[in-house]
Amino acid sequence: MKHDIKRIVGLTVLAVMVIAAVVMGVRVARLVDLTYVEMNTTPTPEPPVRNVMQVTIDPNAPTPQPVLRSGSQGEEVWQLQTRLRELGYYNSSIDGQFGPGTKNAVIAFQRQHGLDADGIVGEGTKAVLYSDQAQLKATPAPTALPTAVPEVIPVWVRSDGLPLLVNRENHMPQGYQPGELVNMADYCPSNIVKIKYSSTQAERVAVDALIAMLKVAHTQGITVWQVSAAYRSESYQQQLFDQQVDEYIDKNGLSYNDAVSATRLTVMEPGSSEHHTGLAFDITVPGVSFKGTEQAEWLADNCWDYGFIIRYSADKEDVTGILAEPWHIRYVGLEHSLPMRDENLCLEEYIAKYGSY
Ligand SMILES: [Zn+2]
């Protein structure tokens, strides 16, 4: 009997151990299996579903509008131009063609509304443009009247608050010294603008404005810019003038008086060049004639927004007495460049209208 009991207990223990072993084995096998399955089926992330709203069919939803950009044309562009003109951003003809004028108007609108200023009318810009959030184009604050508060008046600002006028009749003030000249090759980022001559200098305030302007041009894809002239002292201008006079005498056999007259047509007389101010730049594109380039077009459209003017434009030749120079820009400050643009006044006309001496 005792033997039997021992055998039963022994068999039972054995059986329990066998069952336990089998169960454990299966579990381990399943775990291994599961790991294997998981390792092989880790899902690759699916691209997020963009704009779930599009899937919902709303019978009242407007049909999706195409993005408008340079080169677009048709009814939508016509509507866009009409709206931009209504708000004061666009002054050119409403022709349904998305050209540079339309693009600049869009950029001005985007800038004023804190939108990405890329000149492309996508959903975001369109939403603001046709909403009541759309603001009229900001007009420049009126020129501040001279106040009693002492302030540092830049050397190039006249006592009546207007920018210095320099031309054949109005020479530089005696002993004029520019405020703060910087060496442009050292000062300007070389990826923004190339300085043709390493010794070129100009007034810091004008150079700062130039850099700010050309940085924006770069973001709009207009990238190749060069400065081929800026500040010139009167003595240097005298040297240029005398060289040309000598050349006419030596090579063309002119009398001194005739040589001086001929030289006056192409070289500014010392004292009458805007380059003496340190506020004028000749902007060029290396290796090409500047007139008609996309840079010239961009400059004519945008320089005003950075305090510059196109000093000698084709439609003012009879006032300035200088043939159009699309490359010559002059810094006058924003408070003057914007009204000059808006009223289409060259510096001579602006001073005649608003100057008090
Ligand atoms: Zn010039």
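# Close-up views of a predicted model

**Figure 1. An open sheet of 5 strands.** In this predicted model, 5 strands build an open sheet with the order 2-4-5-7-6 and mixed pairing. Its edge strands are strand 2 (194-195) and strand 6, each of which pairs on one side only. The chain as a whole contains 12 helices and 7 strands.

**Figure 2. Strand 7 and its pairing with strand 5 and strand 6.** Strand 5 (residues 280-284) and strand 7 run antiparallel and are joined by 3 bridges. Within this pair, Asp282 stands opposite His328 of strand 7. Strand 6 (residues 308-312) is also antiparallel to strand 7, with 4 bridges between them. Here Phe308 lies opposite Tyr331 of strand 7. Strand 7 spans residues 325-331, and 5 of its 7 residues are buried, so the strand is largely enclosed by the rest of the structure. For strand 6, 5 of the 5 residues are buried, so strand 6 is likewise largely enclosed by the rest of the structure. Strand 6 is nevertheless an edge strand, pairing on one side only.

**Figure 3. Strand 4 beside strand 5.** Strand 4 (residues 226-229) pairs with strand 5 in the antiparallel sense, over 3 bridges. Gln226 is the residue that stands opposite Thr284 in strand 5. In the strand order 2-4-5-7-6, strand 5 sits between strand 4 and strand 7.

**Figure 4. The packing of helix 7 and helix 8.** Two packed helices are described by the angle between their axes and the distance between the axes. For helix 7 (residues 234-252) and helix 8 (residues 256-266), the angle is about 125 degrees and the axes are 8 Å apart. Helix 7 and helix 8 are therefore oblique to each other. Their crossing is right-handed. On the helix 7 side, Phe241, Gln244, Val245, Tyr248 and Ile249 take part in the contact. Helix 8 meets them with Tyr256, Ala259, Val260, Ala262 and Thr263.

**Figure 5. The packing of helix 2 and helix 3.** Helix 2 (residues 75-86) packs against helix 3 (residues 100-112) at an angle of about 55 degrees, and their axes are 11 Å apart. This angle makes helix 2 oblique to helix 3. Val77, Leu80, Gln81 and Leu84 of helix 2 make the contact with Thr102, Ala105 and Phe109 of helix 3. The crossing of helix 2 and helix 3 is left-handed, whereas that of helix 7 and helix 8 is right-handed.

**Figure 6. Tyr176 and Gly271.** Tyr176 belongs to the loop between helix 4 (123-129) and strand 1 (181-183). Tyr176 has 17 C-beta neighbours inside 10 Å and therefore counts as partly exposed. Gly271 is 95 residues from Tyr176 in sequence, while the C-alpha to C-alpha distance between the two is 9.9 Å.

**Figure 7. Asn183 and Arg204.** Asn183 is placed in strand 1. Because 14 other C-beta atoms lie within 10 Å, Asn183 is partly exposed. Asn183 and Arg204 are separated by 21 residues in sequence and by 9.0 Å in space, C-alpha to C-alpha.

**Figure 8. The backbone at Asn344.** Most residues other than glycine have a negative phi. Asn344 is not a glycine, yet its phi is positive, at about 50 degrees. Asn344 is located in the loop between helix 11 (334-342) and helix 12 (347-354). With 10 other C-beta atoms within 10 Å, Asn344 is exposed.

**Figure 9. Confidence and contacts along the chain.** Mean pLDDT for the chain is 84, and 79% of the residues reach 70 or more. Over residues 31-57, pLDDT stays under 50. The model has 0 contacts beyond four places in sequence for residues 31-57. Across the chain, 61% of the contacts between residues at least 6 apart in sequence join residues at least 24 apart. Of the 357 residues in the chain, 25% count as buried.

Conventions: Residues are numbered from 1 along each chain as its sequence is written. This is a predicted model: local features need pLDDT of at least 70, side-chain atom pairs count only at pLDDT 80 or more; totals for chains, interfaces and linings use all residues. A residue is buried if 20 or more other C-beta atoms lie within 10 Å of its own, exposed if 12 or fewer, and partly exposed in between; C-beta atoms are placed from the backbone. Helices (H or I, at least four residues) and strands (E, at least two) are DSSP runs, numbered from the N terminus. Two strands pair if DSSP finds at least two bridges between them. Two residues are in contact if their C-beta atoms, placed from the backbone, lie within 7 Å. pLDDT is the predictor's confidence in each residue, from 0 to 100. Axes are lines fitted to C-alpha atoms, for helices over the stretch in contact, and angles run from 0 to 180 degrees between N-to-C directions. Angles under 35 degrees count as roughly parallel, over 145 as roughly antiparallel, 65 to 115 as roughly perpendicular and the rest as oblique. A crossing is left-handed if the near helix is turned anticlockwise from the far one by less than a right angle, and right-handed if clockwise.
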